[in-house]
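Please open the model in your viewer, with the sequence panel alongside. The tour below moves from one selection to the next and says what is there at each stop.

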Amino acid sequence: MTPAGRDDDDPARLYTLIGARGRAARTAAASFDLVTLVVSETEPAPGMQSEHVRILRRCRRPAAVVEIAAELGLPVTLVRMMLGELLVSGGISVRRPRAAAARPDAQTLEQVLVGLRNL
């Protein structure tokens with residue numbers, strides 16, 4: 001439940017946070033998924049947008065995109081845009097999860113099941 005007077009869901013406020021983003025930032029934003037880890041590479045600079053400052057401080061230790069969005073209380077798509085800007089400017093680096101390993105075949109799964117039943 002949102003406290004009275006809180007404007008986090010106000011579309012005008014969200015637009016002011018996004019504004020007109022550059023093409024490079026939009027392209028970078030599209031590469032973030034929910035589990036991409038983000039790490040700060042710089043300290044916040046004077047005059048920086050407050051949300052960018054909060055992201056840089058939060059990401060002194062690796063944090064997933066979904067964690068950052070939850071802590072900021074902002075939509076993931078908006079946070080991805082801000083992360084895209086920080087990535088383009090060199091403020092953050094990313095660590096993407098490795099591709100999932102190939103799924104085992106049915107025979108292997110059956111052998112595991114037999115082994116578990118024998119326990």
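Which residues does leucine 86 touch, not counting residues up to four places away in sequence? Select leucine 86 in this predicted model, and, with those sequence neighbours left out, the residues it touches are His52, Ile55, Leu56, Gly91 and Ile92. Leucine 86 lies in helix α5, and its relative accessibility of 3% is under the 20% cut-off, so that leucine 86 counts as buried. For a longer reach along the chain, add alanine 28 to the selection: 58 residues separate leucine 86 and alanine 28 in sequence, while their C-alpha atoms are 9.4 Å apart in space.

**Helix α5**

Now widen the selection to the whole of α5, residues 76–89, which has 14 residues and reaches 20 Å from its first C-alpha to its last, close to the 20 Å expected at 1.5 Å a residue. Colour its buried residues, which are Leu78, Val79, Met81, Met82, Leu83, Gly84, Glu85 and Leu86; a charged residue, Glu85, is on that list. Following α5 is glycine 90, whose phi is positive, near 85°.

**Where α3 meets α5**

Two packed helices are described by the angle between their axes and the distance between the axes. Keep α5 on display and add helix α3, residues 50–58: the two helices pack at an angle of about 75°, with their axes 11 Å apart. Since angles from 65 to 115 degrees count as roughly perpendicular, α3 and α5 are therefore roughly perpendicular to each other. To see the residues that meet, select Glu51, His52, Ile55 and Leu56 on the α3 side, and Met82, Leu83, Glu85 and Leu86 on the α5 side. By class, this contact has five nonpolar residues, one polar residue and two charged residues.

**Arginine 54 and isoleucine 68**

Stay on α3 and select arginine 54, which is found in that helix. Is arginine 54 buried or partly exposed? Its relative accessible area is 43%, and arginine 54 is therefore partly exposed. Leaving aside residues up to four places away in sequence, arginine 54 touches Glu71 and Leu72.

From arginine 54, go on to isoleucine 68, which is 14 residues away in sequence and 9.1 Å away in space, C-alpha to C-alpha. Isoleucine 68 is found in helix α4, residues 65–72, and, with a relative accessible area of 1%, isoleucine 68 is buried. Show the residues that isoleucine 68 touches, again not counting those up to four places away in sequence, and you will have Val38, Ile55, Cys59, Ala63, Val79 and Leu83 on display. A further distance to draw is the one from isoleucine 68 to leucine 37, whose C-alpha atoms are separated by 9.8 Å although the two residues are 31 residues apart along the chain.

**Helix α6**

Next, select helix α6, residues 106–118, whose 13 residues should span 18 Å at 1.5 Å a residue, which agrees with the 18 Å between its end C-alpha atoms. How many of the 13 residues of α6 are buried? The count is zero, and α6 is hardly covered.

**The whole protein**

Finally, clear the selection and show the entire protein, which has six helices and three strands; from the N terminus on, its elements run α-α-β-α-β-α-α-β-α. Of the 119 residues in the protein, 29% are buried. Among contacts between residues at least 6 apart in sequence, 67% join residues at least 24 apart. With the surface switched on, you are looking at about 8000 Å² of exposed area, 56% of which is supplied by carbon and sulfur atoms.

How values were computed: Residues are numbered from 1 along each chain as its sequence is written. This is a predicted model: local features need pLDDT of at least 70, side-chain atom pairs count only at pLDDT 80 or more; totals for chains, interfaces and linings use all residues. Side-chain values use heavy atoms; hydrogens and water are left out. Axes are lines fitted to C-alpha atoms, for helices over the stretch in contact, and angles run from 0 to 180 degrees between N-to-C directions. Helices (H or I, at least four residues) and strands (E, at least two) are DSSP runs, numbered from the N terminus. Angles under 35 degrees count as roughly parallel, over 145 as roughly antiparallel, 65 to 115 as roughly perpendicular and the rest as oblique. Contact means heavy atoms within 4.5 Å. The expected span of a helix is 1.5 Å times one less than its number of residues. Buried means under 20% relative accessible area, exposed over 50%, partly exposed in between (1.4 Å probe, protein chains only). Accessible areas come from the Shrake-Rupley method with a 1.4 Å probe; for residues, only the protein chains shown count as cover.
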